[in-house]
Amino acid sequence: MNTASRTRSEAGLTTLEWLLIVAAVAGLAALAVVLVQNVVDDTAEQLGGASARATAANVAADTVIREARTANPDDARYNTWQRWELYFTARCERLEILYSDTNLDVQAKFVRPNNKNDNDPTTTADLNKADEADPAAGKPQAICRRNT
């Protein structure tokens, strides 16, 4: 083999090596793009899921309020004002556990009317008047909401 063909072969190998290096770098760049895109997609999914969970927590809190206002006074779970207060306060506070992934911090406040005692029976008329304002005679207070 003469010297000219040997040099040509070595030059060809050098060019081939550079092509392989360029191809490897391009492959790594493509892989990096795919990985970054997957991370961005996963983060967007998690943020979207967290937002949906926070909305679900707010809906659940509204449901507790609605049920406190429409509770059946014949139900033994809340047939006295003390039981009503304890039952719905616990229901509201449980939302913090159920939606702990949203860092939910609730304010739970269920207070009987000013003119009622612990063992006085609840009435539909009084329960229907429950709202977020301070309790008054014949009007209970019912709060279950996210603390800000």
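This briefing covers the core, the disulfide and the salt bridges of one chain. The model is predicted: local features need pLDDT of at least 70, side-chain atom pairs count only at pLDDT 80 or more, and totals for chains, interfaces and linings use all residues. Residues are numbered from 1 along each chain as its sequence is written, and side-chain values use heavy atoms, without hydrogens and water.

**Core**
- The largest nonpolar core (buried Ala, Val, Leu, Ile, Met, Phe, Trp, Tyr and Cys residues joined through side-chain atoms within 4.5 Å) has 22 residues.
- V64, W84, F88, L95, F110 and C144 have the most contacts inside it.
- Two or more residues each come from α1 (3-69), α2 (81-98), β1 (106-111) and β2 (141-146); helices (H or I, at least four residues) and strands (E, at least two) are DSSP runs, numbered from the N terminus.
- Beyond four places in sequence, F110 contacts (heavy atoms within 4.5 Å) residues including V64, W84, F88, C92 and C144.

**Disulfide**
- C92 and C144 form a disulfide (cysteine sulfur atoms within 2.5 Å), with their sulfur atoms 2.0 Å apart.
- C92 lies in helix α2 and C144 in strand β2, so the bond ties together parts 52 residues apart in sequence.
- The link is right-handed, with 95° about the S-S bond.
- C92 and C144 are both buried (under 20% relative accessible area; exposed is over 50%, partly exposed in between; 1.4 Å probe, protein chains only).

**Salt bridges**
- There are 8 salt bridges (a side-chain nitrogen of Lys or Arg within 4 Å of a carboxyl oxygen of Asp or Glu).
- R53 and D101 pair at 2.9 Å, N to O.
- R53 is in helix α1 and D101 in the loop between α2 and β1, 48 residues apart.
- E85, R112 and D118 form a network of salt bridges.
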